[in-house]
Amino acid sequence: PPEEVEDASEPTKRDRSHLESTLKLNEEKPADDFSGVLQRLRKIYHSSIKPLEQSYRYNELRQHEITDGEITSKPMVLFLGPWSVGKSSMINYLLGLDDTPYQLYTGAEPTTSEFTVIMHGPKLKTIEGIVMAADSARSFSPLEKFGQNFLEKLIGIEVPHKLLERVTFVDTPGIIENRKQQERGYPFNDVCQWFIDRADLIFVVFDPTKLDVGLELEMLFRQLKGRESQIRIILNKADSLATQELMRVYGALFWSLAPLINVTEPPRVYVSSFWPQEYQPDTHKDLFLKEEISLLEDLNQVIENRMENKIAFIRQHAIRVRIHALLVDRYLQTYKDKMTFFSDGELVFRDIVEDPDKFFIFKSILAKTNVSKFDLPNREAYKDFFGINPITSFKLLSQQCSYMGGCFLDKIEKAITRELPDLLGSIGLGRKPNVLSCDITGCGETPKNRYRKP
């Protein structure tokens, strides 16, 4: 009969109701409004952390400046993986962009050569990378440092979608075809690293029919070091294989990834087919649907924890700034103690920088205050740091106090031990009276933050 012929050309679309219910897209109530908390977080950052950060030029040691855009930005979900594994199709599917003028291009050959940021906006429109980087209110202004060639490969799409009010998606060019960074004209790996460092959730997507874990993937997992808790591995297009075949591929994937990810618990793997077409007949539809729902729940969890993660991240940052300040102060103190009327300042300081252990610089910091040895920066980093910033350009901590403003060190310590944990408590208690968020973000002395790279 003619109907069947028609059916063959137009694949049937699958039901989307589970997407809407799991991601709570139909709920009328506005998403949690954390603007008050964000204002307080910004205030703590600007008044208690930033002065010390600037005074001791922390940014030159870590290359990570925190902008207001970053404090107020939404959680970011990053899609990584070889080309043609269905990253763009997955985003189209989650946002229902198929057959709209704004769907991301998909196809068998490498289609995405840009970093595409999909964010919320009142109406569908495209934004050039140059415009995104120029707008300091967005969290993408630091990308300017990768140069004009990169900004031409950065594109933003605004979509009026309920999910994007709470999260931003980033689609990346497939990894495998990026053999020659030189040809791209911008540092592809550094750009990837920038997004990896800021992502709240990282989906690494694979196609089971062409599973080759080569050098590029090893490179990628090297870049993902320290972010294991954000990684979710997706075995996409799972309905394109028979069950037995799929089991083999699943085993092979784990086998090849095991040496690349050395953590106590393996990353969560989702096996499903993330696109709008119906699952292939005679495949495990129930399993695939369950897997998809648990992935959506995972995404929801990240969105709901976004404030806790942010506060924990700023607190982690404050701890590092404080340790850096204590160290520079200690180097300076040692230098002042060693200097006599006749000594050559440069030689004296070179001696200290070359062998800080001779002067117990790092040991004294560990002994002094609740500093974890895991948080101490690398001694080598300070050789470079003082190479650019002469020791005489810094002031001792004891001199960084004012009658009205108090001391920089006291302020940052108060932020770490009291203000930020209190802020955490204020949101944790409002929502789940039985769980204080400290076990999640560790407001104890040694923060155990699952979400950020040490």
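**Note on the predicted model**

1. Strand β1 and its partners. Leu78 has Val170 of β5 as its bridge partner. This is a predicted model, and the pairing belongs to a contact between β1 and β5 that is parallel and runs over 4 bridges. Strand β6 (residues 201-206) also pairs with β1 in the parallel sense, again over 4 bridges. In that second pairing, Phe79 stands opposite Phe203 of β6.

2. Burial of β1. The strand covers residues 76-80, and 5 of its 5 residues are buried. Side chains in a regular strand alternate between the two faces of the sheet. In β1 one side carries Met76, Leu78 and Leu80, the other carries Val77 and Phe79, and all of these are buried. Both faces of β1 are therefore covered, with burial taken as under 20% relative accessible area.

3. Strand β4 and its partners. β4 (residues 154-159) pairs with β2 (residues 115-120) in the parallel sense over 6 bridges. Within that pairing, Met119 is matched with Glu158 of β4. β3 (residues 125-128) is joined to β4 by 4 bridges, and these two strands run antiparallel. There, the bridge partner of Glu128 is Ile155. Of the 6 residues of β4, 5 are buried, so the strand is largely enclosed by the rest of the structure.

4. Leu154. This residue lies in β4 and counts as buried, at 2% relative accessibility. Setting aside neighbours within four places in sequence, Leu154 is in contact with Phe115, Val117, Glu128, Gly129, Met132, Leu143 and Phe195. For one of these, Val117, the separation is 37 residues in sequence and 7.8 Å in space, C-alpha to C-alpha.

5. The largest nonpolar core. It has 53 residues, and those with the most contacts inside it are Ile314, Tyr331, Tyr382 and Phe386. Helices that each supply at least two of its residues are α3 (35-55), α4 (58-62), α14 (306-338), α15 (345-354), α16 (361-368), α17 (379-388) and α18 (408-431). α14 gives the most, with 15 residues. Beyond residues up to four places away in sequence, Ile314 touches Leu41, Tyr45, Ile49, Ile66, Ile71 and Leu420.

6. A second core. Separate from the core around Ile314, there is another of 45 residues, which includes Leu80, Tyr186, Trp194 and Ala199. One of these, Leu80, is also among the buried residues of β1. As a general point, nonpolar side chains in soluble globular proteins tend to be buried together.

7. Helix α15. Its buried residues are Gly345, Val348, Phe349, Ile352 and Val353. Seen down the helix axis, the buried residues of α15 fall within an arc of 130°, so they line one face of the helix. An α-helix has 3.6 residues a turn, so residues three or four places apart point the same way.

8. Cysteines. A search of the whole structure finds 1 disulfide. It joins Cys401 to Cys407, with an S to S distance of 2.0 Å. The torsion about this S-S bond is about 110°, so the disulfide is right-handed. Cys401 is partly exposed at 35% relative accessible area, and Cys407 is partly exposed too, at 21%. Cys192, by comparison, is buried, with a relative accessible area of 3%.

9. Overall make-up. The protein has 19 helices and 10 strands. Buried residues make up 50% of its 454 residues. Of the contacts with a separation of 6 or more, 79% are between residues 24 or more positions apart.

10. Confidence. The mean pLDDT is 78, and 82% of the residues reach 70 or more. By element, confidence is highest in β5 (residues 168-171), at a mean of 92, and lowest in helix α19 (residues 438-441), at 42. pLDDT is below 50 over residues 429-454, yet this stretch has 63 contacts in the model beyond near neighbours in sequence. Residues 2-7 also stay under 50, with 1 contact beyond four places in sequence. Where pLDDT is low, the predicted coordinates should not be read in detail.

Conventions:
Residues numbered from 1 in each chain as written. Predicted model: local features only at pLDDT ≥ 70, side-chain atom pairs only at ≥ 80, totals over all residues. Heavy atoms only, no water. pLDDT = per-residue confidence, 0-100. Contact = heavy atoms within 4.5 Å. Buried < 20%, exposed > 50% of the residue type's maximum accessible area, 1.4 Å probe, protein only. Pairing = 2+ DSSP bridges. Core = buried A, V, L, I, M, F, W, Y, C linked by side-chain atoms within 4.5 Å. Disulfide = S-S within 2.5 Å. Arc of directions from axis to C-beta.
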